[in-house]
Every structure is written in structure tokens, then in C-alpha cells.
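Student: Can we go through the pockets and the cysteines in this one? Short answers are fine.

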Amino acid sequence: MGGLNVKQKKELKLKKDLCAAGAYECIHYSFISPADLDLLNYDADASERKAIKILNPINEDLSIMRTSLAPSMLHAISRNQKKGNLEGRLYEVGSRFIAQSLPLTGYRDERETLSAACWGDCDFYTLKGIADVAAKSFFTSFEYKEGTKSFLHPYQTAVILLNGEEIGYLGKVAYEVAEKLDLREDAYFLELDLRPLYELNNEAKFEPLPKFPEESRDLALLMDKKITCGEVEADMRQACKYVKSIKLFDVYEGERIPADKKSMAFTVKFVPGEESFEGDAVDKFVNKILKNLKFHLDIDLRS
């Protein structure tokens, strides 16, 4: 009958959504140089080093099959900055080539992967926004938690979780790697395994506009430094079904805050159901949220 199959339609939608977010598509060779593995500081036993060697490579710089899309993307950022493009967003949908064993005893596993990067007028949360665009393209959402990667900044790196399973990572390119690549502007990179996303059967869900006005409250919360924004948001949503959105607008450490604490301020928006909020209903929701936060995370309302 012709036309695109389901996987191709999902891939095309993802690309359109990323382009709408201001990212340009790029396509790189499936081969990289062994030197790239050293450039990105992979450990000797890292899975990325278990690369398939080409028997008749064009040259040494294209002599192994890529086990990550990171080297190609980071070199693309470097080339752009050297040519004066000091701000940009790129993405690539391609394959990583994973060997079951070396030397090869069977077919390689070609993992469909998304890589994306931004540099210049951006930060960690710009990149996280690109990851969220990818999630929304598949009608799902990601969770994020602190992580590490050999070529990313140790305090600006997170792993990406889908239904509790790690499917990728994102973060700021480490200073020593940026120096080797002669980067003039900070760069941020993410890599995402697309196979679990292609296997989802989620569809768009539509909700009618609320019949009654929404209400919002600003909450400044005092908590342990190790607690993440994601943990706080999840606990708030668990406490009240009328919470529509939670937006972090301030993080403060310093005067009048204990050394092991931080203050995070959120705007919490509540949306009524079939009936409008009456009297002090929203204040009761807020009290319930604060009790939940105190019980589960030992978080207090900042005075």
C-alpha cells in the first residue's frame, strides 16, 4: 500500500517537534576514530570502548563503528564554533552499533538513538527542555536524577528515566573536554535510546477547558540540599489531584539559611473539576501538600 510504517511516523514526528524547538538536524558518519574514545575519557572497561573495528577503513579517523553519537556531535559543535557560529542547537537520529561479543560471533545490535546539543545562549535547563520536547513527542514524560558521565560536568549531569528505566543522559560538556575541542562557548549534550520510546503505544489525550477559574499559590520551602526539584514536585502531585502545574522560580542559599539547607520557591496552580473551589478549599490543599512534604521529605515552609 506504500506510505510510512508506525516507527517511521514516530521518527518523523520527533524530528518535526525538535525542529519546531529550534534545533537543526545533522547527519554524521557511522564511523569514528579510536582517539575519540580517549577524548571523551571513557574508562578502560566502558561499554563505549567495545567498538567494532572496520577491516578496510578509509582512514584511521573512520576505523571503528560508533558506540555513541557523542563524538560526532561534539566535533560538529567544535567545527561550528571555529567558523564563528557561537550559538546553536543540533540533533541527530542515528544508530549506535553494539557488539554482543568481540570478535564478532553474530549480528551487531543497531540501537536507534537521539543525540542533541546546544551551545551559546543556553544552559542546562535549555537542554532539559529539548529532552522534554522528545518526551512529549511520544506522549510521555521523563524523570531525571543526578548522574555522572566521563565527558560531562560532574555537577551538571543527569540520567533520564522512562518508567523507572534509565534510557539516556544529559549534561554540560566538561571543561577539560571543551578545552581539547577548542570550544569558545559552553556546550550541553544529551543522548537518548529511542527503542523504548518507539515501543510505546501512547496517544494524545485531550481535556476540556476548565469551567471555573484556576487559582495559584507561591510556596517558599526549606529543605536539605540533596533533595531535588523532581522529588518535591512528585510529592506535591501525590498530595493533591487538583494540582495542574508546578513551576520552580527561585533557589536560594546563603544568609539566614542553614549551611546544609536550601530554599526553593514554587508557583503551584490548582484547577477545579466539575465544581468551583469554595471558601478556603485551596488553603486546605496547600496544608495537605505541606504535611505531605514534611512527612516524606522533612520539608518546612520557609518563614
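**Pockets and cysteines**

Tutor: Sure, starting with the second largest pocket: its volume is about 540 Å³. This is a predicted model, where local features need pLDDT of at least 70, side-chain atom pairs count only at pLDDT 80 or more, and totals for chains, interfaces and linings use all residues. Residues are numbered from 1 along each chain as its sequence is written, and side-chain values use heavy atoms, with hydrogens and water left out.

Student: Which residues are closest to the centre of that second largest pocket?

Tutor: E207, P208, K244, V271 and P272, out of 16 that line it.

Student: What counts as a pocket?

Tutor: On a 1 Å grid over the protein atoms alone, it is an open set of points where a 1.4 Å probe fits, with protein on both sides within 12 Å along at least five of seven lines; lining residues have an atom within 4 Å of a point. A volume is the space filled by probe spheres set on the points, which are joined across faces, edges and corners.

Student: And what volume does the largest pocket have?

Tutor: About 1,600 Å³. The lining has 38 residues, with Y125, K128, Y144, C229 and G230 nearest the centre.

Student: Now disulfides. How many?

Tutor: Zero, taking a disulfide as a pair of cysteine sulfur atoms within 2.5 Å. For C19, the nearest cysteine sulfur is that of C26, 11 Å away.

Student: Is C118 buried or exposed?

Tutor: Buried (under 20% relative accessible area, 1.4 Å probe, protein chains only); the value for C118 is 0%. C118 is in no disulfide either, and the sulfur of C122, the nearest from a cysteine, is 3.5 Å away.

Methods: Buried < 20%, exposed > 50% of the residue type's maximum accessible area, 1.4 Å probe, protein only.
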